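Work through the exercises below with the model open in a viewer. Try each task before reading its solution.

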Amino acid sequence: MNWLETVRAGAEAVRAHRMRSILTMLGIVIGIASVILTVGFGQGAQGKVKSEIDALGSNLLIISPGSSTDTSGVRGGFGSATTLTLEDTSAVADPDAVPDAEKVAAVTSSSLAVTAGETNWTTSVVGTTPSWLEVRARTLASGRFFTDAEVTSGADVVVLGSDTAGELFTFGSPVGQSVTIGGRQLTVIGVLDSSGASSSGTSEDDQALVPISTAKSITGSTTSAVSTIYVEATSAGTLSAAYQEINSLLLTRHDVAATDADFSISTQDSLVETANSTNKTLTVLLTGVAAISLLVGGVGVMNIMLVSVTERIREIGLRKALGATPSVIGRQFLVEASMLGLAGGIAGILIGVVGSWMLPPLIDQPVTLSLVATLAALATSLALGVGFGVYPASRAARLTPIDALRSE
């Protein structure tokens, strides 16, 4: 019996017991589909995190103040101190001091009520400079951003995030209309495009941006302290160099050692790495659960093949009596087991692909199909069929013709 005849005989044996074959493959089908969807969820989550962080700005460095300690000795967390100033911002923006910094924007932020007519909405009021728009890689849906001259004069102008504008103005364009923040009337000069991103649990589309001098006037601040300094490096390749330059500059300006730094600098890479680390852990955990399902499916294949050997003992004896060698008998049963594994793998892949199309709209979570994971799943299903079919095939091959023919 050649290989073609062996494959044909194996396919006929599988078709002869359709329901049993389907139930045997079910464990492999579920396991393969689970692996594909689990890996897809993991990669989709990583892609979503990266896109959201990229939306916060390009080649971005985020400088935050250090921690504060009150009179009772209680230490606040990072960002609780007021160790960064507008003077620090100007120093970082100096191309002679930090040649690898392209744009710099200082930010102060406070939660305030914004009123438009009879409508009010509490949002994050951000005081900043014109370079914020480029540093944060944002665009305008309508209107314009404020200018350096308006920052210098403390002009009464505001740019609204898309969500904030939608909450305050139901009809018509917000541009040209007035809002009141902290008892001060400001003119809306622009509305930001939606970024769809969030930072520290706060939507980037729910904010009101004003000149930093205007923000300090509204809050009554008399200091030059800022809550954050955003720096855009000249390129992704110079991000590390800009980090080192800024770190050295601020340590010198604040007259502190590196171990006592009263500020911290973070990058997008560190944010992506932290988020992806969590996603990878969950992906590995869920893939392990799916692998157990595959193992159970493989045991099911071996169990059914052992039953098949028992049922066909007389057939095996007759074939051996007619001259079939042990290798031919073993090959036939091995091919049958491989077909069950391969068919289960293909069915599992189809279910995984269909699931990757249907699930994202239902659960609002992207699923990214991985070609490597799909091919690995297919290879695994075939390996399971072969691996768990070896023992039943070898058992069939070891039967002697006389014992097989005597079997009832």
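A cavity here is a set of grid points where a 1.4 Å probe fits but cannot get out. The model is predicted.

**Exercise 1. Find the enclosed space and describe its lining.**

Step 1. Count. The structure holds 1 cavity of 30 Å³ or more.

Step 2. Size it. The largest cavity encloses about 100 Å³ of space.

Step 3. List the lining. Ala13, Val14, His17, Arg20 and Ser21 are among the lining residues. So are Ile304, Met305, Ser308, Arg312, Glu336 and Leu340.

Step 4. Assign the helices. At least two lining residues come from each of helix 1 (3–16), helix 2 (18–54), helix 9 (268–311) and helix 11 (326–363). Helix 9 gives the largest share, 3 residues.

Step 5. Sort by chemistry. The lining divides into 5 nonpolar, 3 polar and 3 charged residues.

**Exercise 2. Take the salt bridge of Arg253 and Asp88. Which parts of the chain does the pair link, and is each partner buried or partly exposed?**

Step 1. Check the distance. The side chains of Arg253 and Asp88 meet at 2.7 Å, N to O. The cut-off for a salt bridge is 4 Å.

Step 2. Place the partners. Arg253 sits in helix 8 (residues 239–254), and Asp88 in helix 3 (residues 86–93). They are 165 residues apart, so the pair links distant parts of the chain.

Step 3. Compare accessibility. Arg253 has 40% relative accessibility and therefore counts as partly exposed. Asp88 has a relative accessible area of 2%, so Asp88 is buried.

**Exercise 3. Contrast two further salt bridges by the burial of their partners.**

Step 1. Start with Glu204 and Arg136. Their closest N and O atoms are 3.3 Å apart.

Step 2. Locate this pair. Glu204 lies in the loop between strand 9 (202–203) and strand 10 (207–211). Arg136 lies in the loop between helix 4 (132–135) and strand 4 (140–143). The separation is 68 residues, again a link between distant parts of the chain.

Step 3. Read the burial. Glu204 is buried at 9% relative accessible area. Arg136 is buried too, at 5%.

Step 4. Turn to Glu150 and Arg144. Their side chains form a salt bridge at 2.8 Å, N to O. Glu150 is buried, at 13%, whereas Arg144 is partly exposed, at 37%.

Step 5. Set these pairs in context. The full count comes to 6 salt bridges.

**Exercise 4. Locate the nonpolar cores and trace the contacts of Val231.**

Step 1. Take the largest core. It has 40 residues. Ile63, Trp132, Phe146, Leu209, Val231 and Ile246 touch the most other members. Helix 8 supplies the largest share of this core, 6 residues.

Step 2. Look for another core. Apart from the largest one lies a core of 26 residues, including Val14, Val309, Ile349 and Ala373. Val14 also lines the largest cavity.

Step 3. Trace Val231. Leave out residues up to four places away in sequence. Val231 then touches Asn59, Leu60, Leu61, Ile63, Val92, Ala101, Lys103, Val104, Val135 and Ile246.

**Exercise 5. How many helices and strands does the chain have, and what share of its residues is buried?**

Step 1. Count elements. There are 13 helices and 12 strands.

Step 2. Take the buried share. Of the 408 residues, 44% count as buried.

Step 3. Add contact range. Consider contacts with a separation of 6 or more. Residues 24 or more positions apart account for 76% of these.

Key:
Residues numbered from 1 in each chain as written. Predicted model: local features only at pLDDT ≥ 70, side-chain atom pairs only at ≥ 80, totals over all residues. Heavy atoms only, no water. 1 Å grid on protein atoms, 1.4 Å probe; cavity = no way out; pocket = protein on both sides within 12 Å on 5 of 7 lines; lining within 4 Å. Points joined across faces, edges and corners; volume = space filled by probe spheres on them. Helix = DSSP H or I, 4+ residues; strand = E, 2+ residues; numbered from the N terminus. Nonpolar A, V, L, I, M, F, W, Y, C, P; charged D, E, K, R; others polar. Buried < 20%, exposed > 50% of the residue type's maximum accessible area, 1.4 Å probe, protein only. Core = buried A, V, L, I, M, F, W, Y, C linked by side-chain atoms within 4.5 Å. Contact = heavy atoms within 4.5 Å.
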